[in-house]
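Biologist: I should like to learn how to read strand pairing and backbone angles in a model. Could we go through one case together?

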Amino acid sequence: VQLQASGGGLVQAGGSLRLSCAASGRSFSSYVMGWFRQAPGKEREFVAAISWSGTTTYYADSVKGRFTISIDNAKNMAYLQLNSLKPEDTAVYYCAAGPVLTMASPIYDYWGQGTQVTVSS
């Protein structure tokens, strides 16, 4: 099972990025896809999650209204649209797959390698 995150980069405050997560190696039809992030010196934190059907989403309060999670289950792809970026959004962003819609990272079984997002002020 593999998750491959991509799409990170350097952007100015107020800008946008779209992160992608490609899932392969098994059927993810019963799984939830999540995004987490980890800034230097800080613990990994939940960002957003979506059911595989795409009908249920869950966001951290810090990103609600600015970030949008989506899924294309025909392509085994999950996305995270990041808008109105702030310097405090700077972190390595990880995609993950798990059995339930939760913000608890230990519940997620599979993890991608992470993609760096840097927001300059």
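Modeller: The following turns treat a sheet and then two loop residues. This is a predicted model, in which local features need pLDDT of at least 70, side-chain atom pairs count only at pLDDT 80 or more, and totals for chains, interfaces and linings use all residues. Residues are numbered from 1 along each chain as its sequence is written, and side-chain values use heavy atoms, with hydrogens and water left out.

Biologist: In what order do the four strands of the open sheet lie?

Modeller: Strands are DSSP runs of E of at least two residues, numbered from the N terminus, and two of them pair if DSSP finds at least two bridges between them. Here the order is β1-β3-β8-β7, and the pairing is antiparallel. Because β1 (2-6) and β7 (67-72) each have a single partner strand, they stand at the edges, and one side of each lacks a neighbour in the sheet.

Biologist: How many bridges join β7 to β8?

Modeller: Six bridges join β7 to the antiparallel β8 (residues 77-82). Phenylalanine 67, for instance, has leucine 82 as its bridge partner in β8.

Biologist: What is the sign of phi in asparagine 76?

Modeller: Most residues other than glycine have a negative phi. Asparagine 76, in the loop between β7 and β8, has a positive phi, near 55°.

Biologist: Where does serine 84 lie?

Modeller: Serine 84 lies in the loop between β8 and β9 (91-98), and its phi is also positive, at about 50°.

Biologist: Why does serine 84 count as partly exposed?

Modeller: Buried means under 20% relative accessible area, exposed over 50%, and partly exposed in between (1.4 Å probe, protein chains only). Serine 84 counts as partly exposed because its relative accessibility is 41%; asparagine 76 counts as partly exposed at 21%.
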